[in-house]
Amino acid sequence: FQYYLHRWFGFGKFLKKIPSTPHQNILEIGGGVGTTAELIAEKYPHARILSTDFDEDSIETANHKKHATNITFEQADATRLRFSDNHFDTSFSILTFHHIAEFERALAELVRVTKRGGDVYIMDIPSASFNFTHFRKSVVPGLFTKQDLIQLCEKHGLRITDYGGKYLFSLQGKKV
């Protein structure tokens with residue numbers, strides 16, 4: 001169900017809008033059990049895709065599921081990535097930052113490991129704009145508005161293209 005929800009109503013629509021640049025080396029943070037990595041692999045079948053998540057159980061589940069052969073899963077803390085500077089052609093964060101208390105640090109890391117001229121794709125929820133119980137800091141630690149995140153992206157060296165969305169927004173950042 002989650003795969004089809006992402007494919008037809010969320011991330012899949014975003015993927016259709018972004019360029020089909022022939023990336024070779026792609027990072028995804030917060031990849032969970034691999035649903036979004038599968039969609040990335042469909043768009044970029046010749047790229048090496050590393051999908052990471054903080055939760056070891058999610059990575060274990062992902063590793064036991066059948067996935068495209070160009071996807072690898074690894075447990076990682078998005079605020080402390082082990083990769084060298086300018087390592088990946090492009091990076092993705094799909095519905096992840098609002099789960100991270102130090103989301104600005106995770107954003108800075110994502111930019112750091114992306115090559116100059118590379119793309120950083122972000123889809124998230126402006127959780128600071130809501131008052132629902134789900135969006136309390138104790139449940140969803142990363143509270144920000146869409147504009148807050150755009151400003152942080154620019155602060156960390158991304159030139160932003162806003163693909164729209166109010167409650168579920170999509171951004172592309174080009175590393176300068």
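1. Start with the ring rule: Phe, Tyr and Trp rings (for Trp, the six-membered ring) pair when their centres lie within 6.5 Å, and planes over 60 degrees apart count as edge-to-face. On that basis, this predicted model has 7 aromatic pairs. Take phenylalanine 11 and phenylalanine 92: their ring centres sit 5.9 Å apart with the planes at 85°, so this pair is edge-to-face.

2. Where do phenylalanine 11 and phenylalanine 92 lie? Phenylalanine 11 belongs to helix H2 (residues 11–17) and phenylalanine 92 to strand S4 (residues 88–94), so the pair ties together parts that are 81 residues apart in sequence. Both phenylalanine 11 and phenylalanine 92 are buried. They also belong to one aromatic cluster, along with Phe14, Tyr121 and Tyr163.

3. Now the overall layout. There are 6 helices and 7 strands, and along the sequence they run α-α-β-α-β-α-β-β-α-β-α-β-β. The protein has 176 residues, and 52% of them count as buried. Among contacts with a separation of 6 or more, 64% are between residues 24 or more positions apart. As for surface, about 8900 Å² is exposed, with carbon and sulfur atoms supplying 53% of that.

4. On to the sheet: 7 strands make an open sheet in the order S3-S2-S1-S4-S5-S7-S6, and the pairing is mixed. Why do S3 and strand S6 (158–164) each have one side without a neighbour in the sheet? They stand at the edges with a single partner strand each, so one side is left free of a sheet neighbour. From one strand to the next, the twist averages 20°.

5. A closer look at one pairing: strand S5 (residues 114–124) and strand S7 (residues 169–175) are antiparallel, with 6 bridges between them. Tyrosine 121, a member of the aromatic cluster, has glutamine 172 in S7 as its bridge partner. Helix H5 (residues 103–113) packs on the sheet and touches strand S1 (25–29), S4, S5, S6 and S7. The direction of H5 makes about 145° with that of S5.

6. Last, have a look at helix H4 (residues 56–64). Which residues of H4 are buried? They are Ser58, Ile59 and Ala62. These cover an arc of only 100° around the axis, which puts them on the same side of H4. The general background is that an α-helix has 3.6 residues a turn, so residues three or four places apart point the same way. Strand S2 (48–53) and strand S3 (71–75) are among what covers the buried residues of H4. On the face turned away from the buried side, H4 carries the exposed residues Glu56, Asp57 and His64.

Terms used. Residues are numbered from 1 along each chain as its sequence is written. This is a predicted model: local features need pLDDT of at least 70, side-chain atom pairs count only at pLDDT 80 or more; totals for chains, interfaces and linings use all residues. Side-chain values use heavy atoms; hydrogens and water are left out. Buried means under 20% relative accessible area, exposed over 50%, partly exposed in between (1.4 Å probe, protein chains only). Helices (H or I, at least four residues) and strands (E, at least two) are DSSP runs, numbered from the N terminus. The arc is that of the directions from the helix axis to the C-beta atoms. Contact means heavy atoms within 4.5 Å. Accessible areas come from the Shrake-Rupley method with a 1.4 Å probe; for residues, only the protein chains shown count as cover. Rings of Phe, Tyr and Trp (its six-membered ring) pair if their centres lie within 6.5 Å; planes under 30 degrees apart count as stacked, over 60 as edge-to-face and the rest as tilted. Two strands pair if DSSP finds at least two bridges between them. Axes are lines fitted to C-alpha atoms, for helices over the stretch in contact, and angles run from 0 to 180 degrees between N-to-C directions.
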